[in-house]
Amino acid sequence: MAGVKALTKKQEEVRQLIKAEIPWEPVGPTPMPEIPDLRSWDMRLLKTYKPWYAPFCDLCCLCTYGKCDLTQGRRGACGLDIATQQARIILLACLMGCSAHAGHAGHILEFLIEKHGPDKKIDMGTFIELEAPNIRTVTGLKPETLGDLKTVIEYVYKEITHLLDSTHFGQEGSYLDYESKALHASMLDHVGMEVADIAQIVGFDFPTSVADTPMIDMGWEAVDKSKPVILLVGHNPATSCTLIDYLRENKLYDKVEVAGICCTALETTRYSDRAKIVGPLSRQLFFIRSGIADVIMTDEQCIRTDMPIEADKVGSRVIACLDKAMYGLEDATDWDTEEIVKQMVEDKKHFAILDPEKAAEVAAQVALKISPRRKKEWISDEEAKELAGKCTQCDMCERVCPNLLGLGKAMKDISEGNFDEPQKLFNKCIGCGKCDQECPQHIPILRVMQVVASKETWRIRAGRGAIMDTEIRNVGAPITLGTIPGVIAFVGCSNYPDIDDVADMVYEFAKRKYIVVLTGCAAMVAGMKKFEEGKTVYELFPPDFDAGGVVNVGSCVSNAHITGAAIKIANIFAALPLRANYEVMADYVLNRVGACGVAWGAMSQKAASIGTGCNRLGIPVLLGPHSSKYRRLYLSRKEDDDWRVMDARKREIMDTGEPSPEHIAYVAETKEKAMVMIPKLCIRKNDTPQGRSIKLNHYISLYKKYMGGGLPEDLHLFVRRDADIPLVYKKEVRVYLKEIGWQPKEPVGLPTFIGTYPTKVPLDAVIH
Amino acid sequence: MVIPFHRVNVLTGIKSARLIEDASEYANLIQKAKRPLLVLGPLLSEWSLDGKLLIEYTLEIAKIANIPICATDIVKRKMVELGTKPDSVYDAVEIVNALKDPDWRGVKKEGNHDLVIFFGIRSDLEEQCLSVLKHFAFTHLKTMTLDKYYFPHANYSLPNFRKDKQWKAFLESLIDELKKGE
């Protein structure tokens, strides 16, 4: 009885936290879910989409019993096997990612509550009433103030602790349960991201309820080098927004150039459209080594850990603005500003300054003082040729290159004055600088590559935050019926096989009237290629969340608005209650919303949790080739797996034989193959014949374009009836289907997993 | 310990591939296999040795030794151009996903394969695919590579050939050896 009482008390506490008495919707079955609460949903997902593990390492080295050999069925001293070890590593990666965003959210909330008070109202503008779809769905709380967001982030912190606990020696022993925990951590990541971005939008007055945000200049050539340059690197806009406030208040904004790299660039340009975007993470070291930045202000996530060392090489000064990355620097937060400025200018010192206002003042003063002495220039053709001429073709650079690039050949070409091929190679460079440190001739390879770096500038639309409720009302029906063939979200880091890939894919699918949304580094690189009339995809396509639109949602934390848009379709369009009703939302998205994430350059742990969070919500994610190094995918086997679903209208389980979506975490090797896979991953069982025919039209035509003709080998699995066959391929497809003995299948009226596995959710809950 | 050419593929572990430089030994292993499979990657359409595309060498090997082909990624396009068709089309991660199941029927529906020969997939992805099979298919199949570099997670691998001509000589010799067993 004691156990029952304790549980009741706990439930009461949760109901208090989520203000259950406010009846905006009935409270669903899983308010503020804990580890086991959505486990049955995870197990259902993992039944079809089984984990695929590619261990990096044969061993476990995490405790002093080890190293333990886990090859060929062996278990470690604790009893763990190789699959469970992989799942544990994946959980750790997802926790790192979730913590990074939750930490960001917690910090920004603290900063903004200090500034505006906890009662600051959350107002997302005229066209957004459903302000926090992830938070409402997961926790059951409708946040009305910044203070409410604090309640949410404290819930996330608590769950992170329990999840991290489970990775300790001698606990979880099932890879499936570790996967369930990874899915839990990653769902929480989307909650944390949503907290961060709502707080930022409200606290910094970022754009909201608007599609047509300003166009921003991008590229290193967009940076006005004649002015003092302050470079912001990282993710947290407390630093950059405070800097811009300082410059404005002191009438210095005309005199100082503010530029950003990585997500902080996107955040900064949501605050001021005069700031410049240098580019994605892959351009960080390259730009820093140019020496153009007089002062570098770092905050958190995806910043180089050797920033002070690199800055020293070119005479830039570093201010570490957040406690997450202090580089061993002296903490000058409480020092007198003049003294800090003096030491940075005269002694070339770097400091940690954790007060954003002081950091802003110091950065501006130092940049103004040292910029006249800046002598860094791009390398000349002659200097590059001379340096490249020292190359002995030893291949050491190629051996250490994460993108496997043939840099020796590029050095030879450059030394001979042939820049065309090296220019193409530069587009594939992820900018890590490992080649430099390996070169026995000490050739500064990254600097030599300046000679082939593009001097172009581009235009990118500023991040616009959440998708508007009004937009969802317009597109909900065509998306779920399939007449808008899909929503494709390009997200994640810049570990690309080729930097042009993302722009090419965005162009292809926007032309085909898919809705394309973007965040983070992917949003930047999509704009780094010009198409017809010298325009980028942001200039060619409308900014609306509608067929053929190209929507820059914002930074990494804005990824929550992408999952949020999927939830909004279920709630606003299909009128399914979302409050503490995660399982129903996820089931709807998986079975009825033709959405697909593309994390083509995914590299970080944050990308792991963002993607895995999409997976739990039923959104498949296609990854680039590097991502096999995450060690885990979720794949089905289309011919052999169980594709039964419940038809909620008929209340019958139906064997569809249709693998839609076929995988939920998948790696493609080339852009061409990704182009073929993406339309397939947007197919859903509830597509109308018209919608299916449109989707198959894209699948077939892209297959013909990139696979050399013919029809997809698995086409028959996606044709239910003759009406599904696209008109233009009718004859060819009919012949093929006849050849293989295809038989028509009954379409499913209302497909759902609910009713096919043990769950507390009643079948009626998915009927709208 | 052999260090692979691409350092991202350095082995952290103890079970590494047997390095084989003798084409006749490779030929023997292939000929002994009951149900071998060639898994081909898109780089075969880009790489060439003295003007001959690597995929042409591979198709010759497949034909002589009667090995079915799984075309990954966009390999099918080049095969069709060259007037042939693959026995199956899967992506690298998909074919590996099937191969690790001992009860899978194989591309010919005759049973799972006992020797899987990888060739032409970008090296970090290929090494990860080999890792899947090393850890989860060790009871029922062996893996082999024909790429220019050493792959630690395979069962049998070529060395890091410094010169293309060494690689070419190996492939030509392998073809000759396989012809002897026809």
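A residue is buried if 20 or more other C-beta atoms lie within 10 Å of its own, exposed if 12 or fewer, and partly exposed in between, with C-beta atoms placed from the backbone. Helices (H or I, at least four residues) and strands (E, at least two) are DSSP runs, numbered from the N terminus.

The model is predicted: local features need pLDDT of at least 70, side-chain atom pairs count only at pLDDT 80 or more, and totals for chains, interfaces and linings use all residues. Residues are numbered from 1 along each chain as its sequence is written, while chains are lettered from A and ligands numbered from 1 in the order in which they are written.

## Helices with a buried side

Start with helix H2 (residues 39–48) of chain A. Its buried residues are Trp41(A), Asp42(A), Arg44(A), Leu45(A) and Thr48(A). They lie on the same side of H2(A), because they cover an arc of only 160 degrees around the axis. The arc is that of the directions from the helix axis to the C-beta atoms. An α-helix has 3.6 residues a turn, so residues three or four places apart point the same way. Helix H6 (175–204), helix H24 (582–592) and helix H25 (605–616) of chain A pack against the buried residues of H2(A). Here, two residues are in contact if their C-beta atoms, placed from the backbone, lie within 7 Å.

Helix H13 (residues 381–388) of chain A has buried residues too: Ala384(A), Leu387(A) and Ala388(A). Their arc around the axis is only 95 degrees, which puts them on the same side of H13(A). Helix H15 (407–415) and helix H18 (445–448) of chain A are included in what covers them.

## Strands and a crossover

Two strands pair if DSSP finds at least two bridges between them. Strand S6 (residues 257–261) and strand S7 (residues 276–279) of chain A run parallel, joined by 3 bridges. Ala259(A) stands opposite Lys276(A) in S7(A). Together with helix H8 (residues 263–271) of chain A, S6(A) and S7(A) form a right-handed β-α-β unit. Right-handed means that, with the strands pointing away from the viewer, the path from the first strand over the helix to the second runs clockwise.

The loop between S6 and H8 of chain A holds Cys262(A). Is Cys262(A) buried or exposed? Cys262(A) counts as buried, because it has 30 C-beta neighbours inside 10 Å.

Elsewhere in chain A, an open sheet of 3 strands has the order S19-S18-S21, with antiparallel pairing. Strand S19 (652–655) and strand S21 (751–752) of chain A stand at the edges with a single partner strand each, so one side of each has no neighbour in the sheet. Strand S18 (residues 644–647) of chain A pairs with S21(A) over 2 bridges. Asp647(A) has Pro751(A) in S21(A) as its bridge partner.

## Backbone angles in loops

Four loop residues of chain A deserve a look.

| Residue | Angle | Loop in chain A |
|---|---|---|
| Lys67(A), cis bond with Gly66(A) | omega about 10 degrees | between S2 and S3 |
| Pro661(A), cis bond with Ser660(A) | omega about -15 degrees | between S19 and S20 |
| Gln72(A) | phi near 50 degrees | between S3 and H3 |
| Cys262(A) | phi near 70 degrees | between S6 and H8 |

Gln72(A) is exposed, because 12 other C-beta atoms lie within 10 Å.

## One residue in each chain

His104(A) sits in helix H3 (residues 82–116) of chain A. It is buried, because it has 32 C-beta neighbours inside 10 Å. Leaving aside neighbours within four places in sequence, its contacts include Ala196(A), His235(A) and Val557(A). His104(A) and Pro237(A) are 133 residues apart in sequence, yet 9.6 Å apart in space, C-alpha to C-alpha.

Lys168(B) lies in helix H6 (residues 164–180) of chain B. Lys168(B) is partly exposed, because 18 other C-beta atoms lie within 10 Å. Beyond four places in sequence, Lys168(B) is in contact with Leu49(B) and Asp50(B).

## Chain B and the contact

Chain B has 6 helices and 9 strands. Of its 182 residues, 56% count as buried. Its radius of gyration is 15 Å, which agrees with the value near 16 Å for a compact globule of 182 residues. That radius is taken over C-alpha atoms, and the globule rule is 2.2 Å times the number of residues to the power 0.38.

How many residues does each chain give to the contact? Chain A gives 35 residues and chain B gives 35 residues. Helix H26 (671–681) and helix H27 (689–707) are among the elements of chain A that each supply at least two residues to its side. That side of chain A divides into 19 nonpolar, 7 polar and 9 charged residues. Ala, Val, Leu, Ile, Met, Phe, Trp, Tyr, Cys and Pro count as nonpolar, Asp, Glu, Lys and Arg as charged, and the others, Gly among them, as polar.
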